[in-house]
Amino acid sequence: MKTKRFIYILAGVMLIASLIIGCAGGGRARTGVFTGSAIGHGGTIIVEVAVDSGNIISIDVIQHSETPFFYERPFERVISAAVNDGNLNVDNVTGATLSTMGIRAAIADALSDARINTRRMMLPRPAHTARNIQMAADVVVVGGGGAGLAAAVTASQLGASVIVVEKMSMLGGNTIIAGGAINIVNPELQRRIGIQDSIDLHFRHTFDGGGQLANPELVRIMVENALDGKNWLSSLGLVWEEQVSTAIGALHPRSHNPVMPIGTGYIDAYQRFIARPNSNIQVLLDTRATEFVMQGGRVTGVRATNRLGDSFTLTASRGVINAAGGFGSNVEMRMRYDELWDGRLDHRIQTTNHPGATGEGIAMAQAIGAAVVDMGFIQLLPIGDPRTGSLSGVLSIMVEDYIQVNEQGRRYVAEDARRDVLVASTFAQTNSAMYLILDSRLFPIGNESTVFGDTVNSLVHYGRAHRANSIPDLARMLGMDPNVLQETVNRYNAMVDGTLQCEFGRGIWRHRIETPPFFANRRVPTIHHTMGGVVIDRYTRVIDVNGNIIPGFYAAGEVTGGIHGNNRLGANALTDILVFGRIAGESAVRGR
Ligand code: ADP
């Protein structure tokens with residue numbers, strides 16, 4: 001069980017005086033350290049609350065199992081409100097509601113032991129008087145996902161002051177919940193494990209894999225700068241796995257993963273840089289950009305509002321970077337723009353995206369004349385969680401590890417195909433669903449972490465994966481004909497052995513599926529990436545509807561279009577946001 005100590009100590013005695021909180025029915029508040037617990041998202045949260053004469057002096061989280069990163073903001077928000085204002089009535093942190101509720105309930109549990117009246121702490125806080133806040137920096141970045149943070153850190157390294165505006169309560173965007181795989185041609189490492197690759201091949205896969213519809217100049221820049229980007233991330237402290245595999249839809253084994261689960265390693269590296277005393281990067285969380293400010297034909301800043309209703313005018317002397325992401329979570333935009341999925345992308349299809357992926361960055365850029373491209377190209381992924389649509393709970397995202405079977409236990413597609421092919425063929429199966437079938441080579445004990453930081457044991461425990469000691473038993477568990485699933489696995493193994501010709505044209509594998517226990521993981525198509533967006537040039541300068549550069553305005557990441565065509569390769573998104581995020585940071589500082 002993970003434990004992180006969070007300690008907040010109340011500083012001023014004067015403040016203490018104003019915080020005296022009424023006692024719960026049973027007499028005077030007690031003085032001492034009181035323990036409380038409650039269930040959060042990941043399990044039990046235990047806190048110790050020090051109370052003196054009815055005042056909360058400090059709160060110490062002594063145990064929790066909340067998801068890394070996702071608990072930080074809720075813990076900080078609830079604990080600081082309790083300690084500084086004697087109040088527990090804070091908004092739940094979007095995307096971390098259960099962690100917010102859990103920490104609040106654990107504190108309330110401790111306080112009831114201290115005979116403090118927590119009902120009064122839930123009363124509305126005094127109204128906030130909205131302020132007009134002016135701030136200035138060399139560079140203002142809208143969006144604190146992977147692209148925005150790569151841009152911000154790069155700009156800072158070049159000596160610029162930076163403001164990052166992020167509407168959610170935490171940094172990370174889609175990166176922090178992505179599979180974490182990134183495509184990089186890395187000949188030294190790939191050759192060591194017998195993989196042939198080249199920049200040209202990565203270019204070909206990307207350009208052809210996107211229907212030859214992308215801007216080839218941008219594709220070339222992406223593939224050529226990927227390895228440099230990886231080395232840069234290493235210089236920020238990111239630690240990588242040695243293995244290189246093929247993320248689903250990546251078409252070739254060049255997908256690298258950080259050691260930390262999912263995309264947390266990238267955001268952790270950026271956050272550690274931002275926390276350096278000399279980083280000169282200021283992050284405004286819970287602050288939504290509403291408009292890009294134009295003056296004399298140049299973008300000079302951003303207007304924004306925060307959760308308290310304060311208005312911000314953020315002035316950028318060198319440049320504004322739009323890194324506000326795509327629109328996978330915006331049903332109306334999906335339906336309006338989709339050209340690939342015949343009106344299927346309404347609310348019935350879920351998404352892997354975080355709730356902030358609502359496309360505002362695109363609309364705000366259009367409002368000042370930016371051109372958009374490829375807006376009709378929306379990518380789905382066939383490995384979403386059937387309940388939530390997210391990638392969580394997946395046993396593996398690497399093609400080498402699994403076969404995909406339908407509800408009848410039959411393979412129906414080359415698992416190493418393009419994502420649009422995988423999804424269209426999954427839609428054609430019963431209930432538009434499929435199972436990933438794996439053996440236990442990846443999980444010999446069951447307590448090993450999946451890419452999402454879950455363990456197989458816990459996924460089986462919660463019914464999100466199935467485990468059996470033989471393939472026929474697994475089939476029976478899933479309501480399939482045991483002979484059919486056994487035959488499917490036998491044929492796959494024969495392909496791996498080279499005694500049977502490739503079925504469906506699959507060409508990527510590593511091992512036979514033969515080591516018990518065996519696992520099945522039900523997955524469904526879910527919206528993943530919006531390939532369209534703002535038009536940029538090689539320096540990430542935003543282009544307007546007349547084909548001219550909009551001075552002072554840059555864009556990077558999923559908010560842009562033209563890099564992936566009509567089908568993005570698996571693990572190319574992180575390459576895109578890393579490479580173009582860095583270019584945007586540099587272009588803004590250098591005034592390109
Ligand atoms: P990318 O992969 O290109 O970095 P993400 O979706 O991961 O894209 O990150 C974009 C970030 O921008 C998200 O964290 C999202 O919450 C944030 N964002 C989106 N719209 C706004 C806005 N209007 N103001 C501030 N932040 C925004």
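1. A nitrogen atom of the ligand is 2.8 Å from a polar backbone atom of Ala289. The model is a predicted one, and the distances and angles in this note are computed from it. Another short distance involves Glu360: an N or O atom in the side chain of Glu360 is 2.7 Å from a nitrogen atom of the ligand. At Ala147, a polar backbone atom lies 2.9 Å from an oxygen atom of the ligand. On its own the ligand has 580 Å² of accessible area, and the protein covers 99% of it.

2. The shell around the ligand should be read next. The ligand is surrounded by 25 residues. Glu166, Asn174, Ala289, Glu360 and Glu558 are the closest. Sorted by class, the shell holds 12 polar, eight nonpolar and five charged residues. Strand β10 gives the most to this shell, with three residues. Helix α5 (146–157) and β10 each supply at least two residues.

3. Helix α11 covers residues 360–367. Which residues of α11 are buried? They are Gly361, Ile362, Met364 and Ala365. Seen down the axis of α11, these buried residues fall within an arc of 165 degrees, so they line one face of the helix. The elements that cover them include strands β10 (287–295), β12 (311–322), β13 (372–373), β19 (533–534) and β21 (549–555). Strand β10 thus appears in two settings: among the cover of the buried residues of α11, and as a supplier of residues to the ligand shell. After α11 comes Gly369, which has a positive phi, near 100 degrees.

4. Some backbone angles deserve a look. Most residues other than glycine have a negative phi, and most peptide bonds are trans. Asp286 is not a glycine, yet its phi is positive, about 55 degrees. Asp286 sits in the loop between β9 (281–284) and β10. With a relative accessible area of 9%, Asp286 is buried.

5. Ala571 also has a positive phi, near 70 degrees, in a residue other than glycine. Its place is the loop between β21 and α16 (573–590). Is Ala571 buried or exposed? Ala571 is buried, and its relative accessible area is 7%.

6. The peptide bond between Pro516 and Pro517 is cis, with omega about -5 degrees. Pro517 is located in the loop between α15 (482–497) and β18 (518–530).

7. Asp374 is in the loop between β13 and β14 (378–384). A relative accessible area of 16% makes Asp374 buried, because the cut-off for that class is under 20%. Apart from residues up to four places away in sequence, Asp374 touches Leu213, Met531, Gly532, Gly562 and Gly565. Where Val51 is concerned, the C-alpha atoms of Asp374 and Val51 are separated by 58 Å, and the two residues are 323 residues apart along the chain.

8. Lys230 belongs to helix α8 (residues 216–235). Lys230 counts as buried, at 11% relative accessibility. What does Lys230 touch, not counting residues up to four places away in sequence? The residues are Ile184, Asn186, Trp240, His256 and Leu578. From C-alpha to C-alpha, Lys230 and Ile182 are 9.0 Å apart in space, with their positions 48 residues apart in sequence counted as their separation.

9. Pro261 lies in the loop between β8 (255–256) and α9 (264–274). Pro261 is partly exposed, and its relative accessible area is 31%. Setting aside neighbours within four places in sequence, Pro261 is in contact with Val451, Phe452 and Gly453. Pro261 and Val489 are 228 residues apart along the chain, and their C-alpha atoms are separated by 29 Å.

Terms used
Residues numbered from 1 in each chain as written. Predicted model: local features only at pLDDT ≥ 70, side-chain atom pairs only at ≥ 80, totals over all residues. Heavy atoms only, no water. Buried < 20%, exposed > 50% of the residue type's maximum accessible area, 1.4 Å probe, protein only. Helix = DSSP H or I, 4+ residues; strand = E, 2+ residues; numbered from the N terminus. Arc of directions from axis to C-beta. Contact = heavy atoms within 4.5 Å. Near = heavy atom within 4 Å. Polar contact = N/O pair within 3.5 Å; in protein donor to acceptor, adjacent residues only side chain to side chain. Areas by Shrake-Rupley, 256 points an atom, 1.4 Å probe, with all protein chains shown as cover. Nonpolar A, V, L, I, M, F, W, Y, C, P; charged D, E, K, R; others polar.
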